[in-house]
Every structure is written in C-alpha cells, then in structure tokens.
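Q: I have a protein model open on my screen and would like to learn how to read it. Could you walk me through some features?

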Amino acid sequence: MKKSTGSFCLAAVIALAFSWQAVAADLPAVEKAGTLKVATEDDYAPFNFMNNGQADGFNKDMLEELRKYAKFHVEQSILPWTGLLAAVSTGQYDMALTGAVVTDERLNVFNFTPPWASAQHYFVKRAGDNSLNTIADLSGKKVGVQAGSALLARLPELKAMLAKTGGKLGPVVEYQSYPEAYADLANKRLDYVINVVISVNDLVKQRPKVFAKGLPVSGPGYMGWPIPKSSPQLLEYMTKFMNHMRETGKLKALQMKWFGETYDDLPTEPITSAAQFHKLTGM
C-alpha cells in the first residue's frame, strides 16, 4: 500500500521511546527469561526475504549464527518494515535484526551494533531509459522510497545535489515495501526509486532486462542492527558477537555470499551518536 504522508513512523518511534525506556529489558533480563526477542522483516532482499515459502537472506544466516553463539533462545518475529522499529522502541522486542541504515533520527532512540555492510544510496531506473543519465536529469521527476526508511532522512542530500545543477526534487511517493515501488517503476508510475547500493545491485542482477543502476544520491552510510539506548549491556553483547563473526571469518563469508563483496574498512565499534556517525561518514 502506498504512503502519501511523511516519515510518521520515525516520529512515532521517537515519541514512544521516551515513555518506554525506563522499563526496557536489558541483557540481564534477557538471560533471566532465557529468551531474546528479535524483530525481522521478510520483504527486503538480500537482507530478509522469502524463498519458496522459507525465510532467506543475509540476516537469516546471521540469525542462525547468533543462535549457535548465544546461551539463550533467540525468538524471531516477522513484521512489516513500517512498524518494526516502533515495535522495538516500545519494548515488544529486544532488538531489530534487519537491514537498518544508521541515521541521525534513529540514533535519538537506538544505538547500532558495529556495521556489517556499507549503505550508500543509489537511484534505480527502468532498463533502457536514457533520459536519466545524470543527477540533473532527476530534476522534477517522481521518486519512490520506502515509508519510514533512512532513504527519506537523507533525501535532503539529493535535494542539495539537484540544487547545484539548477534543479529541484520532484514528487516523493512512499511505499510499504520496495517490491511495490519497483512494480510502479516498471509500469511507469514512477521515474526512479532510491535504495541502498546492495539492494540496487541485487535487483539489477536478478532483473537486468527491467531495471538499471543509476548514480549515488547520498554520501557514505552504514547498516547495522538497532538496539534501544536503554539496553547498553545487550549492545555490548551483540558487539562481542559481531567481533566473533569478524574474527572467525564468518562475517566476510556471508558478505561475499549475499552482497558479492566484503567490507574490510567498516567501523568495529557500535555507533551511538550523531556526532560519531558524522565523523565516520564525513558528513
């Protein structure tokens, strides 16, 4: 279903978080209960998606590794992306285990595990569309993005890039899921769609006759798992898990399997503030 309003989901996350943080369950409570509750999605390839009725993707494999590593049960719930972070912020789940991009707004509510992938934003166009070859060509064109996503938060970067060419950002249409946006792009209801580079590469690889990769529309970025700020010990635990995955070579193997490349220069520490994020990305 299309969304025509702004990033209301993010506003809900921030508003709800303050009322919940005082009673959030940290690692000791998880260990006492014997269960870590994680929220994932199932419609964002190659991170989380369904394959012949079964969950698949990078985070599915990471979840399997976490279950081997942890001494407690890891309980997975699959939610639509648009409500996932809000559900974590209100304490229904202990953390989000999905392809979440680090943003200033999300850092108001969450800390992020050490990143496991790069997340620069690119635009996608229809294959054979020779009218969109430069950033200037995007001026006034209709763009599709996922509702409540980091792509919305960094649209001002594209707006600034367009302004330098004398252009302007066109109509922005929000979608509950990327497959819906891609369907509208293929059917010429949109001019282009913005997504992180990993997803763009995967889409073009799977459907080269339908879609083509465009140019970057943002600066550098990172993907990690969001954990509420009221759970510092859980963040420390997940940082140790990420170190384990890196040191054993398993993280690199899964990056190559799902992304076709590895990321050897990613930060090895959690990202916990906008100032730290800006320093890491040069924003």
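A: Happy to help: this is a predicted model, and we will go through a helix, a core and some aromatic rings.

Q: Let's begin with a helix. How many of the residues of helix H4 are buried?

A: Helix H4 spans residues 81-89, and 8 of its 9 residues are buried, so we call this helix mostly covered, taking buried to mean under 20% relative accessible area. Among the buried ones are Trp 81, Leu 84, Val 88 and Ser 89. Just after H4, Gly 91 has a positive phi of about 85°.

Q: Is Ser 89 buried or exposed?

A: Ser 89 has a relative accessible area of 0%, so this residue counts as buried. The side chain of Ser 89 also has a partner: the backbone oxygen of Ala 86, at 2.8 Å.

Q: Now the inside of the protein. Which residues have the most contacts in the largest nonpolar core?

A: The general idea first: in soluble globular proteins, nonpolar side chains tend to be buried together. Here the largest nonpolar core has 85 residues, and Trp 116 and Ile 194 have the most contacts inside it. Helix H9 (residues 232-247) gives the most to this core, with 7 residues. The core lies between domain 1 (27-118 + 222-281) and domain 2 (121-218), because both give residues to it. Try selecting Ile 194: the residues it touches include Phe 123, Val 143, Leu 155 and Tyr 178.

Q: And the rings? How many aromatic pairs are there?

A: A pair of aromatic rings is described by the distance of the centres and the angle of the planes. In this model the count comes to 16 aromatic pairs. One of them joins Phe 47 and Phe 259, a tilted pair with 5.7 Å centre to centre and 55° between the planes. Phe 47 sits in the loop between strands S3 and S4 and Phe 259 in helix H10, so this pair links distant parts of the chain, 212 residues apart. Phe 47 and Phe 259 are both buried.

Q: Why is the pair of Trp 225 and Phe 241 called stacked?

A: Their ring centres are 6.2 Å apart and their planes meet at 15°, so the pair is stacked; the cut-off for stacked is under 30 degrees. Trp 225 is in the loop between strands S16 and S17, whereas Phe 241 is in helix H9, so the pair ties together parts 16 residues apart in sequence.

Q: What sits over the ring of Tyr 122?

A: That is the charged end of Lys 213, 4.7 Å from the ring centre.

Terms used:
Residues are numbered from 1 along each chain as its sequence is written. This is a predicted model: local features need pLDDT of at least 70, side-chain atom pairs count only at pLDDT 80 or more; totals for chains, interfaces and linings use all residues. Side-chain values use heavy atoms; hydrogens and water are left out. Buried means under 20% relative accessible area, exposed over 50%, partly exposed in between (1.4 Å probe, protein chains only). Helices (H or I, at least four residues) and strands (E, at least two) are DSSP runs, numbered from the N terminus. A nonpolar core is a set of buried Ala, Val, Leu, Ile, Met, Phe, Trp, Tyr and Cys residues joined through side-chain atoms within 4.5 Å. Domain bounds come from an automatic or database domain assignment. Contact means heavy atoms within 4.5 Å. A polar contact is a pair of N or O atoms within 3.5 Å; within protein, one must be able to donate a hydrogen and the other to accept it, and residues adjacent in sequence count only if both atoms are side-chain atoms. Rings of Phe, Tyr and Trp (its six-membered ring) pair if their centres lie within 6.5 Å; planes under 30 degrees apart count as stacked, over 60 as edge-to-face and the rest as tilted. A charge sits over a ring if NZ of Lys or CZ of Arg is within 6 Å of the ring centre and within 35 degrees of the ring normal. Lists of a residue's contacts leave out its neighbours within four places in sequence.
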